[in-house]
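Welcome! Here are some short exercises, each with a worked solution, to help you find your way around.

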Amino acid sequence: MRAGDNSRGAAASRNALSILLCIAGFFYVFPFIWTLAGSLKTPSGFFADGLSVIPGNPQWHNYADAWIKGKFGLYFFNSVFITLCTVSLTILFSSMAGYVLSRTLLPGRKVVITLIVITLFLPRGYTILPVFEIIQHLGLLNTLWAVIVVQVGGGLIFSTFLFMGYMQTLPREVEEAAMMDGASFPRIYWSVIMPLVGPIIATVALFSFIGSWNDFFTPLVFSAGKPELRTLAVGMYAFQGENSRDWTLICAAATITLVPVITVFLFLQRYFIEGVAGAVKG
Amino acid sequence: MARKDPPDTLHASHLRDSVWGYLFLAPMFILTLTFVIYPIFGSVRIAFYNWDGIGNPTQYVGWRHFMGVAKDPWFWGALKHTVIYAAVLVPVQLFLALILALLLNNSRLKGVNFFRALYFMPVVTSGAVVGVVINLLFGNFASGLSAPLIKLGLISTPLDLLGSPSLALGCIIAVGIWHTLGYNLIYFLASLQAVPEELYEAAEVDGASKVQRLVHVTLPSIRPMMVIIVFMAILGSLGQFDLVKTMTDGGPYYASDLVSTYIYSYAFASSHGMSQSNYGLASAASLFMSLMVFGFTMLQLLAIKVSRKERGVS
């Protein structure tokens, strides 16, 4: 135990620190609070209030306007559809691959693992042109599936790596009883292994949920030719360009976009923060 | 060859299971090959052709696009802004995150988890949405930041932070620091928690002050992880797109154009005095950027290796 840490002076300075961190924290998340308040203000109130975070007379119709007139209802469903598909396909494909790579001695397995490690270090992010070309060849241009396959494809390496690492830690005995009973390969994967890897499913689900929901670049590129395919983030960018003076509506749309992801984060923050921390621990 | 323990071939002994194995690998393998590995090489090919994005590129133009990029002052401007962005953001953000992590790394402080979540929150929000909201806050109409300043009589006309060529990039850097600081806070906290308590106790027995403990115990102990944190921050900042696209779109007068927005404007819009997309030029610029990112990745691996050797871990 460190000397002095229990003294009254140390306790007082800790309390002072807590108060300081609270005040700084308020300013840290102020843009979000201000946005929430702005979504309930009248246009003239928004103009006059400046940095105030207390809307006088809450204008709930701003949300209805954003949803219908601003088409954010449509964008919301696009975002939900894309995110749901991306998250489930990422979990399915990467757990399947992780299973084969960690629990079997399939010939060629080592080659695939080496490829995965190399790919983890290849430069990414500036390859959108060939990706665009492939999407065109596949006939997926101007569909939501373009965004989904690009998001899933981009994230599989990392999540396969996570599944592989986690599944390696399971004892070998877990499959043996099922194999004695003559359970098939897919059956063992689905009914024996998958129920045992809940924590890593949660981590992969969280990361791909936040990555997909917040993705701006991919849906921006693939909705350029068809505005009905916009996601919330792209919709906000476009709306601002077309109606830059509809401030309260932009705030309502921002709130619609931010609330799902912040809610999920607040409930599952422990898993998310632990997953992030794992990046430097490993 | 007989192995010591029976081979853990749980399935591979059966041909049918091998087939299942390859089927299970196939989706991951095919999607990664198509959307990650092939595009890296594909962008090399596009850079040598004139291509308008329809059908196959056919007109081979050799190194012309690379020369075009090398001669384009807008590209060098964008590269300069990208370097400034990373060179300012990374040290400032890491310094602030380290201070905050040192304050929060106190088991007796109440509500550490609450503060951690609070300062981490911007990380989980979309850069594009943040950019649009910040536009309202910094906007050049009499609201947000400007309104209280006008009321106080400090300024007479609304500030136009993002419309000013000399301030726009600085504003984006400031928002960038705020937006992803939480990552580094968590990295530093995890590193600090890994420092063995005995080291502190030994330093205390030797009569080390708080500052001495920080300089001689804490910082050397987290140095190996610091290397990883620094490179992750550099690589992350080189990829910045969302904030710039939504806050200024590279403007005003390309004063905040980054390589990422430069590439985008050549590939998908008409900008920089162009009337048509120029995929070849965009690809050549992408390649240049990829090489730079690849160089940093290699440097990172080298730095990690060196710091491991120093610690005597092989």
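**Exercise 1.** What percentage of the 282 residues of chain A count as buried?

*Solution.* A few ground rules come before the count. This is a predicted model, in which local features need pLDDT of at least 70 and side-chain atom pairs count only at pLDDT 80 or more, while totals for chains, interfaces and linings use all residues. Residues are numbered from 1 along each chain as its sequence is written, with chains lettered from A and ligands numbered from 1 in the order in which they are written. A residue is buried if 20 or more other C-beta atoms, placed from the backbone, lie within 10 Å of its own. By that rule, 45% of the residues of chain A are buried.

**Exercise 2.** Find how many helices and strands chain A has.

*Solution.* Use DSSP runs numbered from the N terminus: helices are H or I with at least four residues, strands E with at least two. Chain A then has 14 helices and 0 strands.

**Exercise 3.** Work out how many residues each chain brings to the contact.

*Solution.* Two residues are in contact if their C-beta atoms, placed from the backbone, lie within 7 Å. Chain A supplies 76 residues and chain B supplies 81. On the chain A side, helix H14 (residues 247-281) gives the most, with 14 residues.

**Exercise 4.** Locate the kink in helix H1 (residues 15-46) of chain B.

*Solution.* Take the bend at a residue as the angle between axes fitted to the seven residues ending there and the seven starting there. The kink is about 50° and is centred on Pro39(B). Pro39(B) is also one of the buried residues of H1(B), along with others including Trp20(B) and Phe35(B).

Methods: Buried ≥ 20, exposed ≤ 12 C-beta atoms within 10 Å, placed from the backbone.
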